[in-house]
Amino acid sequence: MNDEGGFRADRTQEIFLPAVVPPVPPQHGGAEVVEVAAYRGRTHFEREVVEKLAAAAARSIPGVDELGGDVARFFNTVLDKIGLDKVGDATRGVSAKVDGLDVEITVVLVIAAGKVVSEVTAAVRTAVIEAVENYGLHVTNVDVKVDDIRLHHE
C-alpha cells in the first residue's frame, strides 16, 4: 500500500462504528408513519401486570401447591371465609420490580410434599421468564422462595 490513505503499521488508526443507527422518523404523514410508530412514545408495564403473568406461570407448574408466604395465605383464608375469595389471588405470592422493560421478580410458594425442590423451582423460574418475556419485557432475575411444604391436602 502506498502512503496516501492506506494502512500503515507505524500509525495509530481509529475506526468509529456506531453501535446502533436509529431510524429517522418521517417528517410527514402517510404510510411511512405506521412503520415508525414504535418511535412515537413509550410503553410502560405496571408492576401488577407483571405479577399476574408471573403468578399464572408459577401456578401452572406441577408441584406448586400454593403461592404466598404465611401471612398472605392467612389473609387469603380469612377473605375466603367472608366471601371475598378472589381478592388478591391474581398476584398473591409474587412481587415484581419494573424498571423500564427490565423486570426483577420474586415468587414465594408452597411446594407439594414428595417433589424435588430444585426441579420445581427451576421449572417455576423458566415458566415465569418465558411468560413475562413473551410480552416484550426482559427478566433480569427470578428469585424463588420456598416458604412451606404441603404434607397433605386439608
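## Close-up views of the strands and helix 4

**View 1. Strand 3 and strand 4 side by side.** In strand 4, isoleucine 149 is the bridge partner of isoleucine 111. This pair belongs to a predicted model, in which strand 3 (residues 102-112) and strand 4 (residues 138-150) run parallel to each other and are joined over 11 bridges. Elsewhere along these two strands, valine 103 stands opposite valine 139 in strand 4. Aspartate 147 also lies in strand 4, and its C-alpha atom is separated by 6.2 Å from that of valine 108, although the two residues are 39 residues apart along the chain.

**View 2. The other pairings of strand 3.** Strand 3 also pairs with strand 1 (64-67), here in the antiparallel sense and over 3 bridges, and leucine 67 stands opposite leucine 109 of strand 3. A further antiparallel pairing, over 6 bridges, links strand 3 to strand 2 (residues 94-99), with lysine 97 placed opposite glutamate 104. Strand 2 and strand 3 form a hairpin that leaves 2 residues between them, and glycine 100, in the turn, has a positive phi of about 70°. Strand 3 is mostly covered, since 8 of its 11 residues are buried.

**View 3. Helix 4 between strand 3 and strand 4 in the sequence.** Together with strand 3 and strand 4, helix 4 (residues 117-133) makes a β-α-β unit that is right-handed. The 17 residues of helix 4, at 1.5 Å a residue, should span 24 Å, and this agrees with the model because the C-alpha atoms at the ends of helix 4 are 24 Å apart.

**View 4. The two faces of helix 4.** The buried residues of helix 4 are Val120, Thr121, Val124, Ala127, Val128, Ala131 and Val132. Because these residues cover an arc of only 130° around the axis, they lie on the same side of helix 4. They pack against helix 2 (47-59), strand 1, strand 3 and strand 4, whereas the face turned away from the buried side carries the exposed residues Ser118 and Glu119.

**View 5. Arginine 150 and aspartate 147 in strand 4.** Arginine 150 is found in strand 4, and its side chain makes a polar contact of 2.5 Å with the side chain of glutamate 66. The relative accessible area of arginine 150 is 18%, and because buried means under 20%, this residue counts as buried. Aspartate 147, another residue of strand 4, has a relative accessible area of 23% and is therefore classed as partly exposed.

**View 6. The whole chain, for orientation.** The chain contains 4 helices and 4 strands, which follow one another along the sequence in the pattern α-α-β-α-β-β-α-β. Of its 154 residues, 29% are buried. Among the contacts in the chain with a separation of 6 or more, 70% are accounted for by residues 24 or more positions apart.

Note on methods. Residues numbered from 1 in each chain as written. Predicted model: local features only at pLDDT ≥ 70, side-chain atom pairs only at ≥ 80, totals over all residues. Heavy atoms only, no water. Pairing = 2+ DSSP bridges. Right-handed = clockwise from strand over helix to strand, strands pointing away. Buried < 20%, exposed > 50% of the residue type's maximum accessible area, 1.4 Å probe, protein only. Polar contact = N/O pair within 3.5 Å; in protein donor to acceptor, adjacent residues only side chain to side chain. Expected span 1.5 Å × (residues − 1). Arc of directions from axis to C-beta. Contact = heavy atoms within 4.5 Å.
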